Amino acid sequence: MVISEPKSAHLREVLLFAFNWKKSATKAHRMLEEVHGDHALSKSQCYRWFKKFQSGDFELDNEPRGKPHQKFEDAELQALLDDDSTQTQEKLAKQLQVSQGSVSLQCDQKDIQDWLECNVDDPGYQLLTDDEIIESVVDDQDSSDNEEELRNGDQGEEEKSDHTSLRSPLDPWNI
């Protein structure tokens, strides 16, 4: 009885479990079919995974598939960005005749490199120690508390005078 459609990662884990228990690929496939029915891996997939395990590779992630990202020179991309820095990745990809993924990957790498090479003397990029952060927060909090006390102190006096003027002369609490 199949409760839900299994994820392929789960099925690969089951294959590795069967391999470690010295089961054959055929036996592992039968077990998967018995439990998962039509959702089981094919017999050829089971054999491929067992061959991979036998070679000592126990990585359960699928190998990357599809077209690899096309390569192009950073200089080409930089020249296009220098001409017009507002271009979309899609437009840049068409001009360079590569996939948008290739441009995106290259731009991400460039952004990371620029960030890593930032000017440490620029106050916007300076790193603070834990003590400096705490000191800064405490100082900010102290100054805002002082400002609030000053504002509340002034308002408090006004409120007191306003309340006393509203008292009736016949009020027994008016002393």
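Reader: How are H1 and H2 set relative to each other, parallel or oblique?

Author: Let's start with the general idea. A pair of packed helices is described by two things, the angle between their axes and the distance between those axes. Now for this structure, which is a predicted model. Helix H1 covers residues 8–20 and helix H2 covers residues 25–36; their axes come within 10 Å and cross at roughly 140°. An angle has to be over 145 degrees to count as roughly antiparallel, and H1 and H2 are therefore oblique to each other.

Reader: Okay, and what is the handedness of the crossing where H1 passes H2?

Author: That one is right-handed.

Reader: Which residues in H1 and H2 meet?

Author: From H1 you've got His10, Leu11, Val14, Leu15 and Ala18. On the H2 side, they meet Ala28, Met31, Leu32 and His36. Sort this contact by class and you get seven nonpolar residues, two polar ones and no charged ones.

Reader: Cool. Now, how do I read a pocket, and how much space lies in the largest pocket here?

Author: The trick is to roll a probe the size of a water molecule over the atoms, which shows where empty space is left. In this model, the largest pocket holds about 290 Å³. It's lined by 11 residues, and Arg12, Gln45, Arg48, Trp49 and Asn62 are the closest to its centre.

Reader: Which element gives the most to that lining?

Author: Look at helix H3, residues 43–54: H1 and H3 are the elements that give two or more residues, and H3 gives the most, with four. By class, the lining has six charged, three polar and two nonpolar residues.

Methods: Residues are numbered from 1 along each chain as its sequence is written. This is a predicted model: local features need pLDDT of at least 70, side-chain atom pairs count only at pLDDT 80 or more; totals for chains, interfaces and linings use all residues. Side-chain values use heavy atoms; hydrogens and water are left out. Axes are lines fitted to C-alpha atoms, for helices over the stretch in contact, and angles run from 0 to 180 degrees between N-to-C directions. Angles under 35 degrees count as roughly parallel, over 145 as roughly antiparallel, 65 to 115 as roughly perpendicular and the rest as oblique. A crossing is left-handed if the near helix is turned anticlockwise from the far one by less than a right angle, and right-handed if clockwise. Contact means heavy atoms within 4.5 Å. Ala, Val, Leu, Ile, Met, Phe, Trp, Tyr, Cys and Pro count as nonpolar, Asp, Glu, Lys and Arg as charged, and the others, Gly among them, as polar. On a 1 Å grid over the protein atoms alone, a cavity is a set of points where a 1.4 Å probe fits but cannot get out, and a pocket is an open set with protein on both sides within 12 Å along at least five of seven lines; lining residues have an atom within 4 Å of a point. Grid points are joined across faces, edges and corners, and a volume is the space filled by probe spheres set on the points.
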